[in-house]
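Student: Can you walk me through this structure? I'd like to start with the charged pairs.
Tutor: Sure. Take a look at it first.

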Amino acid sequence: MVLLWHYVAVGMGPHRGGTFLYYADRLMSYCWSGVDLFFVLSGFLIGGILLDYSGRTGFLKTFWVRRACRILPVLCVLVGSAFGLAAILPDDFSPWLFEGLMPWWSYLTFTQNIFMGIESTMGGHFLAVTWSLAIEEQFYLFAPLCFAFVGGRRLVPWLAVLCLVSFMLRGLVPASFANVNTLFRLDGLCLGILLAAAYRDERVWAVILQVREGLLKALVAMVVVTLGGAVWGVGLTSTVAHLWFAVIYSLLIVYALAFASTRWTAWLRWSWLCYLGLISYGVYLYHEAINGLVHAGWRAGTSPSFDSWSAIGLTGLALAGTLGFASLSFFAMERPIQRWGRRSRYPDAERGGSVTEESAGPAVGGAPGVRA
């Protein structure tokens, strides 16, 4: 979805109403919400780890070591490439990529989204996508501390309050660049954690399994309403949109878990889609940089577009380069470092079944459970 948004929808330009391209552009108008899916998934997977292990001796060290091994290698390659190329390339090579970059240290301390919000700009597109990574890392830093402080039965009402606060902040400060700050995007993360808690509660999950067909119908209805509104030009405000999509993607995860190993979720097991998921972190971080470099390499000063045959060809080349480089990055660098990080092990769980960032899936019969 994010690839479609950045590579196609943003670069298509305006089209006359009633044409195929006009409606295609409308249908892709919410592809940016792939980031909201990212937040819900992160809340579900990382929140699940916190629910299973938080408070045990040695947990924080293992949690942060594993997160560092997952996040930092690709980020360091990206940040080093951005500032290295900015120093050696001509100033007019690609202002789209390099102009207005935030301070280099802000990207490595995951504070760039704060600067983006203050300055009302994403800065150079080489590193613009890292705003969501900053939110993630701030979540990784503070969520374990919040779990330790709140914990237990108080967790659910606190998460509900945080969802409401995030929603209200977007209404009070509707500026688009405010949405790159963590407090404005907590609803997706919190809904993911709530879903992880429901997945671990046998009574709650049993109820969800009983009504799973109704929840699937609700998911389909929300998707149809969303796409229908996009085609007819009825848009959602940012205040509502992020919560709306967080609910849609929460229902999508419920659908994936409640209908696991059935024909209804066969498409989620397509090999090419699973492979894309495997390399998705690199794809996400590298794709804008590679697209900008390919277009500017063809003609200096050119920013990415999708409005001519030559631009479409360059974008296709950028897509191939992104997938290839992300694959190389994963197998040559990311996976070995992650394996090293997993030598730091979580304390033994008191109960079987947890959803981790390594592997997720329901146990036989649909009850909560997962491969370690």
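Student: Which residue forms a salt bridge with aspartate 187?
Tutor: Arginine 170 does. The closest N and O atoms are 2.7 Å apart. Keep in mind that this is a predicted model.

Student: Where do the two partners sit?
Tutor: Aspartate 187 is in helix 10, and arginine 170 is in helix 9. So the pair ties together parts that are 17 residues apart in sequence.

Student: Is aspartate 187 buried or exposed?
Tutor: Buried. Its relative accessibility is 2%, and the cut-off for buried is under 20%.

Student: And what about arginine 170?
Tutor: Arginine 170 has a relative accessible area of 0%, so it is buried too.

Student: What is arginine 170 in contact with, leaving aside its neighbours within four places in sequence?
Tutor: Asn179, Phe184, Arg185, Asp187, Ser238, Thr239, His242 and Leu243. Asp187 is the salt-bridge partner we just met.

Student: Why would two side chains pair up like that?
Tutor: Side chains of opposite charge can pair when their charged atoms come close.

Student: How many salt bridges are there in the whole structure?
Tutor: A search finds 4. One of them joins aspartate 36 and arginine 185. Their closest N and O atoms are 3.1 Å apart.

Student: Where are those two in the chain?
Tutor: In distant parts, 149 residues apart. Aspartate 36 is in helix 3. Arginine 185 is in the loop between helix 9 and helix 10.

Student: Are they buried or exposed?
Tutor: Aspartate 36 is buried, and arginine 185 is buried as well.

Student: OK, another one. What does arginine 70 form a salt bridge with?
Tutor: Glutamate 334. Here the closest N and O atoms are 3.5 Å apart. This pair also links distant parts of the chain: arginine 70 is in helix 4, glutamate 334 is in helix 16, and 264 residues separate them.

Student: Is glutamate 334 buried or exposed?
Tutor: It counts as buried, because its relative accessibility is 2%.

Student: How do helix 4 and helix 16 cross?
Tutor: Their axes come within 8 Å and cross at roughly 155°. That makes helix 4 roughly antiparallel to helix 16, since the angle is over 145 degrees. The crossing is right-handed.

Student: Which residues meet there?
Tutor: From helix 4, Val65, Arg66, Cys69, Arg70, Pro73, Val74 and Val77. From helix 16, Ser329, Met333, Glu334, Ile337, Gln338, Trp340 and Gly341. So Arg70 and Glu334, the salt-bridge pair, are both in this contact.

Student: How do the residues of that contact divide by type?
Tutor: There are 8 nonpolar, 3 polar and 3 charged.

Student: New topic: backbone angles. What sign does phi have in most residues?
Tutor: Most residues other than glycine have a negative phi.

Student: What is phi at phenylalanine 110?
Tutor: It is positive, about 60°, although phenylalanine 110 is not a glycine. This residue is in the loop between helix 6 and helix 7. At 10% relative accessibility, phenylalanine 110 counts as buried.

Student: And what is phi at serine 120?
Tutor: About 55°, again positive, and serine 120 is not a glycine either. Serine 120 sits in the loop between helix 7 and helix 8.

Student: How does serine 120 count for burial?
Tutor: As partly exposed, because its relative accessibility is 45%. Partly exposed runs between the 20% and 50% cut-offs.

Definitions and conventions
Residues numbered from 1 in each chain as written. Predicted model: local features only at pLDDT ≥ 70, side-chain atom pairs only at ≥ 80, totals over all residues. Heavy atoms only, no water. Salt bridge = Lys/Arg side-chain N within 4 Å of Asp/Glu carboxyl O. Helix = DSSP H or I, 4+ residues; strand = E, 2+ residues; numbered from the N terminus. Buried < 20%, exposed > 50% of the residue type's maximum accessible area, 1.4 Å probe, protein only. Axes fitted to C-alpha atoms, helices over the stretch in contact; angles between N-to-C directions. Parallel < 35°, antiparallel > 145°, perpendicular 65-115°, else oblique. Left-handed = near helix turned anticlockwise from the far one by under 90°. Contact = heavy atoms within 4.5 Å. Nonpolar A, V, L, I, M, F, W, Y, C, P; charged D, E, K, R; others polar.
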